[in-house]
Amino acid sequence: MTVAVPTSVYADGETCSDFVMGLRPWYAGLDKENGCEIKMPAKGDDDATTKMIWKIILNLSYDLTVVVGVLALGFIVYGGFKYIMSQGDPGQVAVAKKTLINSIIGLVIALLATVIVNTIITILNSATGS
């Protein structure tokens, strides 16, 4: 049994891109046959099915960490703008500093999460021989 994957054709004829708008698609790293069709594990092969499910979950969590990282960078810019526009008002400066600190913490967490997810994907790929 196979599942068709949405494709996009590029000028050089390449199809089945591994990234869509900078994000990893849910099917990245899965076994494919006949171009872009995902090769489903055989019935009764619970180990392959489990590995396939984990790859999909890790692909989605990678995308989530990328989106969180972009949002954290946006909040850093927003906090910097608030700091500049505070004009020395102690209350607004405190709010801007809190925004900056929280967004930097969020960015660090997103970066660490991305590293952890990529490490797990690498370990899974080496274990499955993909």
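1. Secondary structure. This predicted model has a protein chain with 2 helices and 3 strands. Read from the N terminus, the order is β-β-β-α-α. Strand E1 covers residues 2-4 and strand E2 covers 32-33. Helix H1 spans 46-85, and helix H2 spans 90-128.

2. Burial and surface. The chain has 130 residues, and 24% of them count as buried. The exposed area of the protein chain is about 8,700 Å². Carbon and sulfur atoms supply 69% of that area.

3. Contacts along the sequence. Take the contacts with a separation of 6 or more in the protein chain. Residues 24 or more positions apart account for 58% of them. Several pairs in the points below give examples of positions far apart in sequence, with their distances in space.

4. Helix H1, geometry. H1 has 40 residues. From its first C-alpha to its last, H1 reaches 58 Å. That is close to the 58 Å expected at 1.5 Å a residue.

5. Helix H1, buried positions. The buried residues of H1 are Met-52, Lys-55, Leu-58, Asn-59, Tyr-62, Asp-63, Thr-65, Gly-69, Ala-72 and Gly-79. Charged residues are on that list, including Lys-55 and Asp-63. Helix geometry is worth keeping in mind when reading such a list. An α-helix has 3.6 residues a turn, so residues three or four places apart point the same way.

6. Asn-59. This residue sits in helix H1. What is its relative accessible area? The value for Asn-59 is 3%, so the residue counts as buried, the cut-off being under 20%. Beyond residues up to four places away in sequence, Asn-59 touches Arg-24, Pro-25, Trp-26, Tyr-27, Ala-28 and Ile-121. Arg-24, one of these partners, belongs to the loop between E1 and E2.

7. Arg-24. Check this side chain on the model. Arg-24 lies in the loop between strand E1 and strand E2. Arg-24 is buried yet has no salt bridge. Which side chain of opposite charge is nearest to Arg-24? It is Asp-63, 5.9 Å away. A salt bridge needs the nitrogen and the carboxyl oxygen within 4 Å, so Arg-24 and Asp-63 at 5.9 Å do not form one. The side chain of Arg-24 does make a polar contact, with the side chain of Asn-118 at 3.4 Å. Asp-63 is itself among the buried residues of H1.

8. The salt bridge. How many salt bridges does a search of the whole structure find? The search finds 1. Lys-51 pairs with Asp-47, and their closest N and O atoms are 3.2 Å apart. Side chains of opposite charge can pair when their charged atoms come close. Lys-51 and Asp-47 are 4 residues apart in helix H1, so about one helical turn separates them. Both ends are partly exposed: Lys-51 has a relative accessible area of 25%, and Asp-47 stands at 48%.

9. H1 against the E1-E2 loop. Asp-31 lies in the loop between E1 and E2. At 45% relative accessibility, Asp-31 is partly exposed. Its C-alpha is 8.8 Å from that of Met-52, with the two positions 21 residues apart along the chain counted as their separation. Met-52 is one of the buried residues of H1.

10. Ile-57 and Val-67. Both residues are in helix H1. Ile-57 is partly exposed at 42% relative accessible area. The C-alpha atoms of Ile-57 and Tyr-27 are separated by 9.9 Å, at 30 residues apart along the chain. Val-67 is also partly exposed, at 39%. Val-67 and Leu-23 are 44 residues apart in sequence and 8.6 Å apart, C-alpha to C-alpha.

11. H1 against H2. Ala-113 lies in helix H2. With a relative accessible area of 23%, Ala-113 counts as partly exposed. The C-alpha atoms of Ala-113 and Tyr-62 are separated by 8.1 Å, although the two are 51 residues apart along the chain. Tyr-62 is among the buried residues of H1.

12. Gln-87. Is this residue buried or exposed? Gln-87 is exposed, with a relative accessible area of 72%. Gln-87 lies in the loop between helix H1 and helix H2, just after H1. Its phi is near 55°, a positive value in a residue other than glycine.

Definitions and conventions. Residues are numbered from 1 along each chain as its sequence is written. This is a predicted model: local features need pLDDT of at least 70, side-chain atom pairs count only at pLDDT 80 or more; totals for chains, interfaces and linings use all residues. Side-chain values use heavy atoms; hydrogens and water are left out. Buried means under 20% relative accessible area, exposed over 50%, partly exposed in between (1.4 Å probe, protein chains only). Contact means heavy atoms within 4.5 Å. Accessible areas come from the Shrake-Rupley method with a 1.4 Å probe; for residues, only the protein chains shown count as cover. A polar contact is a pair of N or O atoms within 3.5 Å; within protein, one must be able to donate a hydrogen and the other to accept it, and residues adjacent in sequence count only if both atoms are side-chain atoms. The expected span of a helix is 1.5 Å times one less than its number of residues.
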